[in-house]
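Here's a quick tour of a model with bound ligands. Have a look at the structure first, then read on for the pockets, the helix packing and a couple of backbone oddities.

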Amino acid sequence: MGGLTIPTMDDIDIRSKKVLLRIDINSPVDENGKIIDDSRIKAHVETIKELIDKDNSVVLMSHQGRPGDKDFISLEEHSKLISKHLNREVIFVDDVIGPYAREIIKNLKNGEILLLDNVRLISEELIEAPPQQHVKTFLVRKLTPFFNIYINDAFATAHRSQPSIVGFPLVLPSAAGRVMEREVSALARIFNAEDTPKIFVLGGGKVHDTIRIIENLMRTRIADRILTGGLVAELFSVAKGMNLNTKNMEILERMGILSLVPRARKLLLSGAPIEIPVDYKVEINGNVIEEPASKITGVIKDIGPATVEIYSSLIKDAKVVVLRGPMGVIEDERFRDGSKSVLKASLEGWGYVIIGGGHMISALDKDMKIDNNKVHISTGGGALLLFLSGERLPALEALSMSMTNRVMNNAS
Ligand SMILES: Nc1ncnc2c1ncn2[C@@H]1O[C@H](COP(=O)(O)OP(=O)(O)O)[C@@H](O)[C@H]1O
Ligand SMILES: O=C(OP(=O)(O)O)[C@H](O)COP(=O)(O)O
């Protein structure tokens, strides 16, 4: 798959085993911490079902949000949703590696499913390091003895070199789950680097990740044009010398985004084809108004209608459109238009469309017509873009290493 040889669930003996299944059910949540879109949860049902049908006991592991952020919450609600979509009981334990969790894992019977709590409750999980280092973490050492097999189905986290992603494949027989397998093979099929023009529509809030992705896209000359929205647009607007007014600058400062301005300027000076919005929807004292980018007085919450029109016409002429990260604060119904409109334009165009990232997917309306022959809805955001820009993903590398280790172990 995708240049690397990666074991899938067809390559290992998965019958009547105890399986650790890393999934990515990191979902958008509202201001009360309630899940507003369960697409990622639904995506993993196929892999879980297959493991249960093969008489395994399955322990699910995932993260949700990052410590310090509002969406860093327990996985209890997720367990109910998995249970609903599977139509089976899912045991939830509000623990990850403690004695209580280990006891339940130990006693889990074939056919039973357990969801551990947010793996990022374990601080080691936030560290990016090579697999050889992560093998030594408490997380990997405490849990490995209970399992026969590790399956990684978390394509959306494949760009992180964290213990739950890269540690276990070095010590347990491992394979890619069905989501991981399908993502990698679909992208390899649909994404042809020769097809032009390729337009990337990049928004959302993970600006540190996105600037790295844009640098990669420019280095490998993959993107012909980048249309920005969300906080990514604000960064490039500042880098282009626009005045976004004090309130927005304070938000960017607080989020550590202003420190990225020199990198954004370097990209622009090197000729990166990055477009910024010409107008925005802003919020002032609870009211929504439209303002031109040159005269911003409110807090920026979405791209405006003139920008939507320009972006839509560019999108419609593209051979490949890749969208990741919403154009605005889509948790608020009043600021979903920008994201919905660029999605609609992409689906109406003639090119291939790849949509990624938990938030952008949640802006897809049920009545939007999706032609499965030319649209791939990915569970990944950052992972998807790094994969498309040619970067090697740590999760895939670790799975590939696990196969080499097994071949060597069998030979010795
Ligand atoms: N102008 C904006 N100001 C503040 N937050 C924004 C803005 N535009 C988008 N966002 C936020 O970006 C977040 C989603 O970004 P991200 O996690 O990068 O996307 P995805 O999950 O699709 O990969 C949402 O919570 C949304 O509110
Ligand atoms: O939502 C995710 O990534 P995405 O926003 O790039 O799609 C993944 O769950 C990874 O989460 P992280 O970016 O906090 O490591």
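## Ligand 2

The shell around ligand 2 breaks down into one nonpolar, five polar and seven charged residues. For that split, Ala, Val, Leu, Ile, Met, Phe, Trp, Tyr, Cys and Pro are nonpolar, Asp, Glu, Lys and Arg are charged, and the others, Gly among them, are polar. This is a predicted model, where local features need pLDDT of at least 70 and side-chain atom pairs count only at pLDDT 80 or more, while totals for chains, interfaces and linings use all residues; side-chain values use heavy atoms, with hydrogens and water left out. Residues are numbered from 1 along each chain as its sequence is written, and chains are lettered from A and ligands numbered from 1 in the order in which they are written.

Which residues sit closest to ligand 2? Out of 13 surrounding residues, the closest are Asp24, Arg120, Arg160, Lys206 and Gly382 (a residue is near if one of its heavy atoms lies within 4 Å). Polar contacts here are pairs of N or O atoms within 3.5 Å; within protein, one must be able to donate a hydrogen and the other to accept it, and residues adjacent in sequence count only if both atoms are side-chain atoms. Gly382 uses a backbone N or O atom, 2.6 Å from an oxygen atom of ligand 2. On the side-chain front, an N or O atom of Arg324 is 2.7 Å from a ligand 2 oxygen, and a polar atom of His63 is 2.8 Å from an oxygen of ligand 2. Ligand 2 exposes 390 Å² when taken alone, and the protein buries 95% of that (Shrake-Rupley areas with a 1.4 Å probe; for residues, only the protein chains shown count as cover).

## Ligand 1

Ligand 1 has 17 residues around it, and Gly205, Arg324, Gly328, Glu331 and His359 come nearest. Its shell comprises five nonpolar, eight polar and four charged residues.

The side chain of Glu234 puts an N or O atom 3.2 Å from a nitrogen of ligand 1. Two backbone pairs are at 3.5 Å: an N or O atom of Ile300 with a ligand 1 nitrogen, and one of Gly358 with a ligand 1 oxygen. On its own ligand 1 exposes 580 Å², of which the protein buries 84%. Elements giving two or more residues to this shell are α10 (230-239) and α15 (358-362); helices (H or I, at least four residues) and strands (E, at least two) are DSSP runs, numbered from the N terminus.

## Helix packing

Helices α13 (residues 305-316) and α14 (residues 337-348) bring their axes within 8 Å and cross at roughly 25 degrees. That makes α13 roughly parallel to α14 (the cut-off is under 35 degrees). Axes are lines fitted to C-alpha atoms, for helices over the stretch in contact, and angles run from 0 to 180 degrees between N-to-C directions.

Helix α9 (residues 207-219) packs on helix α12 (residues 261-269) at about 20 degrees, the axes being 11 Å apart. Therefore α9 is roughly parallel to α12.

## Backbone oddities

Thr196 and Pro197 are joined by a cis peptide bond, with omega about -5 degrees. Pro197 is in the loop between α8 (178-190) and β7 (198-202).

Asn245 isn't a glycine, yet has a positive phi of about 70 degrees. Asn245 belongs to helix α11 (residues 245-254).

Key
Angles under 35 degrees count as roughly parallel, over 145 as roughly antiparallel, 65 to 115 as roughly perpendicular and the rest as oblique.
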